[in-house]
Amino acid sequence: MIKISPSILSADFAYLARDIQAISTADYVHVDVMDGLFVPNISIGIPVVKCIRPVTDLPLDVHLMIQEPVRYVDQFCDAGADIVTCHVEADTQENILAAIDKIHAKGKKAGVVVKPRTPASAVLPFIDRVEMILVMTVEPGFGGQKFMADMMPKVQEIRRYIDAMNPGCELEVDGGVDPATCKICVASGANVLVAGSAVYKAADIPARIRELRG
């Protein structure tokens, strides 16, 4: 089954509880955390995750676009994150593995993320330790960017790794996902789709979620 994880980066932050409740038919709530260092933008942090936890029963899919995520994964788990994903580019392999261990120690799911210029092989040191791998189909840092179709061979390669080494692992894509590009992502092996603008700009949000799910 294809899962949809709408990104609240595209929500109205003045009405965040309302906009999270509007996506109640989705599978996850995607929370983009940016520190202004790892990516050239600053978004939300631990206090916001803590505040939105009570307003939805959906799992919080927290994507950490921050330097040295091992420093903060405990706090995000305690704030209510259910899945925490860390960029492989954000620290040493040793520290990313330590972050994964910390997330699991909190009883939560862990994942790794790769940016567009990072090869598929970068996930291999982590693949048997995670519940999710996220492939960025835009450069991380800003919403509303154009989908990078040239990332699909990477998605296909990671799907082959997952099928061979960790079949229970989910494969997520994030960036420029809409009713057209979602089909390409699914055909390439993704089973979780992050969509921000495509969901929140839709006239009928539940209908858009159904359309993306296919």
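This is a short walk through four annotated residues in this structure and two other positions worth a look.

Okay, so before anything else, keep in mind that what you have on screen is a predicted model.

Let's start with the annotation. The UniProt entry, which is unreviewed, puts a "binding site" feature at His30, Asp32, His63 and Asp174. Along the sequence these residues are spread over 145 residues, and yet they cluster in space, with a largest C-alpha distance of 10.5 Å.

Let me take His30 to begin with. You'll find His30 in strand β2, which covers residues 29-34. Is His30 buried or exposed? His30 counts as buried, because its relative accessible area is 0%, and the cut-off for buried is under 20%. And what does His30 touch, if we skip residues up to four places away in sequence? Quite a list: Ser5, Pro6, Ser7, Ile8, Asp61, His63, Leu134, Glu172, Asp174 and Val194. Notice that His63 and Asp174 are among those contacts, and both of them carry the UniProt annotation too.

Now on to Asp32. Asp32 is also in strand β2. Its relative accessibility comes out at 5%, so Asp32 is buried as well. Again leaving out residues up to four places away in sequence, Asp32 touches Ser7, Leu9, Ser43, Ile44, His63, Met65 and Asp174. So which side chain shares a polar contact with that of Asp32? Ser7 does, at 2.7 Å. And if Ser7 sounds familiar, Ser7 was on the contact list of His30.

Right, let's leave the annotated residues and go to Ala90. Here we're in a loop, the one between β4 (83-87) and α4 (93-105). Loop or not, Ala90 is buried, with a relative accessible area of 3%. Setting aside residues up to four places away in sequence, the contacts of Ala90 are Phe38, Ile66, Gln67, Glu68 and Pro69. If you'd like a distance to check on screen, try Ala90 and Val113: they sit 23 residues apart in sequence, and C-alpha to C-alpha they are 9.6 Å apart in space.

Last stop, Thr181. Thr181 belongs to helix α6, residues 181-187. At 10% relative accessibility, Thr181 counts as buried. Which residues does Thr181 touch, not counting those up to four places away in sequence? Phe147 and Gly176.

So, to go back to the site: UniProt names His30, Asp32, His63 and Asp174, and in this model His30 touches both His63 and Asp174, as does Asp32. That's it from me.

How values were computed:
Residues numbered from 1 in each chain as written. Predicted model: local features only at pLDDT ≥ 70, side-chain atom pairs only at ≥ 80, totals over all residues. Heavy atoms only, no water. UniProt positions renumbered as here; feature names shortened; annotations may be inferred. Helix = DSSP H or I, 4+ residues; strand = E, 2+ residues; numbered from the N terminus. Buried < 20%, exposed > 50% of the residue type's maximum accessible area, 1.4 Å probe, protein only. Contact = heavy atoms within 4.5 Å. Polar contact = N/O pair within 3.5 Å; in protein donor to acceptor, adjacent residues only side chain to side chain.
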